[in-house]
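The following note is offered for the colleague's consideration. The points are numbered and brief.

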Amino acid sequence: MRFGTEATSAKHRRHGSRYLVMVSFCIFAWLAPRAFATLDEARQLAQDGHVEQALVQVNEALRAEPMNITARLLRGVLLTREGHSDAAIDEFLSITKDRPDLPESYNNLAVLFAAQGRYDDARGVLRRAIELQPDYDV
């Protein structure tokens, strides 16, 4: 009897994990387009001068997908435009840790560091951006 119970449990776990994968995929498929739509809305709001509302949209997208690099980069830019330089620096530093291969975050850090008079820091991160992508527009 015990063998039959274990076999049944294994069968349920196997089907349960398939179910979990399927449900996760469905949730992602539903959220992903919404996250992109939200980012498009945020970009448009920012273009129209509604940066604070754009930031709300980006934060909504990040709640749905916290590691979305596009949303995180946009969040850093919007924080900068709102005058929250320290928060923007924190965002870009976090991105450099999670995605050290992206020159955009280093370039944005260079601008923010230079604005704060932190020229050595700015030079260092700008060099890193150029190392990653030599033809990157600095």
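**Helix α6 and the salt bridges**

1. In this predicted model, the buried residues of helix α6 are Ala 122, Val 125 and Ala 129. They cover an arc of only 80° around the axis, which puts them on the same side of α6. These buried residues pack against α5 (103–115).

2. The face of α6 turned away from the buried side carries Asp 120, Arg 127 and Glu 131, which are exposed. The helix itself runs over residues 119–132, 14 residues in total. From first C-alpha to last, α6 reaches 20 Å, close to the 20 Å expected at 1.5 Å a residue.

3. Within α6, Arg 123 and Asp 120 lie three residues apart, about one turn of the helix. Their side chains meet in a salt bridge, with an N to O distance of 2.8 Å. Asp 120 is exposed at 61% relative accessible area, whereas Arg 123 is partly exposed at 41%.

4. Arg 118 forms a salt bridge with Asp 121, the closest N and O atoms being 3.0 Å apart. Both partners are partly exposed: Arg 118 has 33% relative accessibility, and Asp 121 has 35%.

5. The structure holds eight salt bridges. Among them is the pair Arg 99 and Asp 101, at 2.9 Å from N to O. Arg 99 is partly exposed, with a relative accessible area of 32%, and Asp 101 is partly exposed at 41%.

6. In helix α5, the colleague may wish to look at Val 111. This residue counts as exposed because its relative accessibility is 54%, and exposed means over 50%. The C-alpha atoms of Val 111 and Ile 89 are separated by 9.9 Å, the two residues being 22 apart along the chain.

Conventions. Residues numbered from 1 in each chain as written. Predicted model: local features only at pLDDT ≥ 70, side-chain atom pairs only at ≥ 80, totals over all residues. Heavy atoms only, no water. Helix = DSSP H or I, 4+ residues; strand = E, 2+ residues; numbered from the N terminus. Expected span 1.5 Å × (residues − 1). Buried < 20%, exposed > 50% of the residue type's maximum accessible area, 1.4 Å probe, protein only. Arc of directions from axis to C-beta. Contact = heavy atoms within 4.5 Å. Salt bridge = Lys/Arg side-chain N within 4 Å of Asp/Glu carboxyl O.
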